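Grab the structure viewer and work through these short exercises, each with its solution spelled out. Try each task yourself before reading on.

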Amino acid sequence: MANVSLQAYKVSELVFNNKVNGKVQLKLSNKVSHNVRYKGDSTCEATLTVEAHDKDNKDVLNLKITLVGAFRIINKVEKEFIHVETFRELHSFAKALAATITGACGVPPIILQNIDIEKQEIYRFEMNSKGENENE
């Protein structure tokens, strides 16, 4: 059962640099970050940033996509469940964008790997209204 419902999303940042010349073999490295800000008990905003670049030379090929999604919280559950669900929703859009953008730019599409977020360690920081970490 879904605990959140995506109301809207937008691409807040999109960077793609392609300076590949000739036939080269690239070794891609991926980086992902995800943050959820709660706005009361019934809504939250999630930000997902995915990056892919050549391990040996970031300047040759790199891609960065940042998505921001507005979610309605359907069921009151622990924040970790909301974090996981918002990540899954936004990551699927990021994967589609990465493949579409890179494929349309004349390089083989970058297919971002699936991430089993439930097996990842989630670092949780509660922020107050001033944007300060309440755990410190």
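**Exercise 1. Find the partner of Glu 13 in a salt bridge, and say which strands the pair links.**

Step 1: Glu 13 forms a salt bridge with Lys 64, and the closest N and O atoms are 3.4 Å apart. This is a predicted model, so keep in mind that side-chain atom pairs count only at pLDDT 80 or more.

Step 2: Check the distance against the cut-off, which is within 4 Å for a side-chain nitrogen of Lys or Arg and a carboxyl oxygen of Asp or Glu. The 3.4 Å of Glu 13 and Lys 64 passes.

Step 3: Place the two ends. Glu 13 sits in strand S1 and Lys 64 in strand S4, so the pair links distant parts of the chain, 51 residues apart.

Step 4: Look at the accessibility. Glu 13 is partly exposed because its relative accessible area is 31%, and Lys 64 is partly exposed too, at 25%.

**Exercise 2. Find the other salt bridge, given that the count comes to two.**

Step 1: Turn to Lys 39 and Glu 45, whose side chains meet in a salt bridge at 3.6 Å, N to O.

Step 2: Glu 45 has a relative accessible area of 28%, so this residue counts as partly exposed.

Step 3: For the background, side chains of opposite charge can pair when their charged atoms come close.

**Exercise 3. Work out the strand order of the sheet and which strands stand at its edges.**

Step 1: List the elements. The protein has one helix and four strands, and from the N terminus on they run β-β-β-β-α.

Step 2: Put the strands side by side. They form an open sheet in the order S1-S4-S3-S2, with antiparallel pairing.

Step 3: Read off the edges. Strand S1 (4-18) and strand S2 (28-39) each have a single partner strand, so one side of each lacks a neighbour in the sheet.

Step 4: Add the twist. Neighbouring strands are turned by 10 degrees against each other on average, direction ignored.

**Exercise 4. Trace how S3 is paired with S2 and with S4.**

Step 1: Start with S2 and S3, which run antiparallel and are joined by 12 bridges. One register point is Val 32, whose bridge partner in S3 is Val 50.

Step 2: Follow the connection. S2 and S3 form a hairpin with three residues between them, and Gly 40 in the turn has a positive phi of about 80 degrees.

Step 3: Now cross to S4. Strand S3 (residues 43-54) and strand S4 (residues 61-73) are antiparallel, with 11 bridges. Here Glu 51 has Lys 64 in S4 as its bridge partner, and that Lys 64 is also the salt-bridge partner of Glu 13.

Step 4: Bring in the helix. H1 (residues 79-104) packs on the sheet and touches S1, S2, S3 and S4; its direction makes about 140 degrees with that of S4.

**Exercise 5. Which residues make the nonpolar surface patch, and how exposed is Val 11?**

Step 1: Tyr 9, Val 11 and Leu 14 make the patch, which covers about 250 Å².

Step 2: Val 11 lies in strand S1 and is partly exposed, with a relative accessible area of 37%.

Step 3: Zoom out to the whole protein. The exposed area is about 9000 Å², with carbon and sulfur atoms supplying 47% of it, while buried residues make up 29% of the 136 residues.

Note on methods. Residues numbered from 1 in each chain as written. Predicted model: local features only at pLDDT ≥ 70, side-chain atom pairs only at ≥ 80, totals over all residues. Heavy atoms only, no water. Pairing = 2+ DSSP bridges. Helix = DSSP H or I, 4+ residues; strand = E, 2+ residues; numbered from the N terminus. Axes fitted to C-alpha atoms, helices over the stretch in contact; angles between N-to-C directions. Contact = heavy atoms within 4.5 Å. Patch = residues over 30% accessible without salt bridge, like charges linked within 9 Å, V, L, I, M, F, W, Y side chains within 5 Å. Areas by Shrake-Rupley, 256 points an atom, 1.4 Å probe, with all protein chains shown as cover. Buried < 20%, exposed > 50% of the residue type's maximum accessible area, 1.4 Å probe, protein only.
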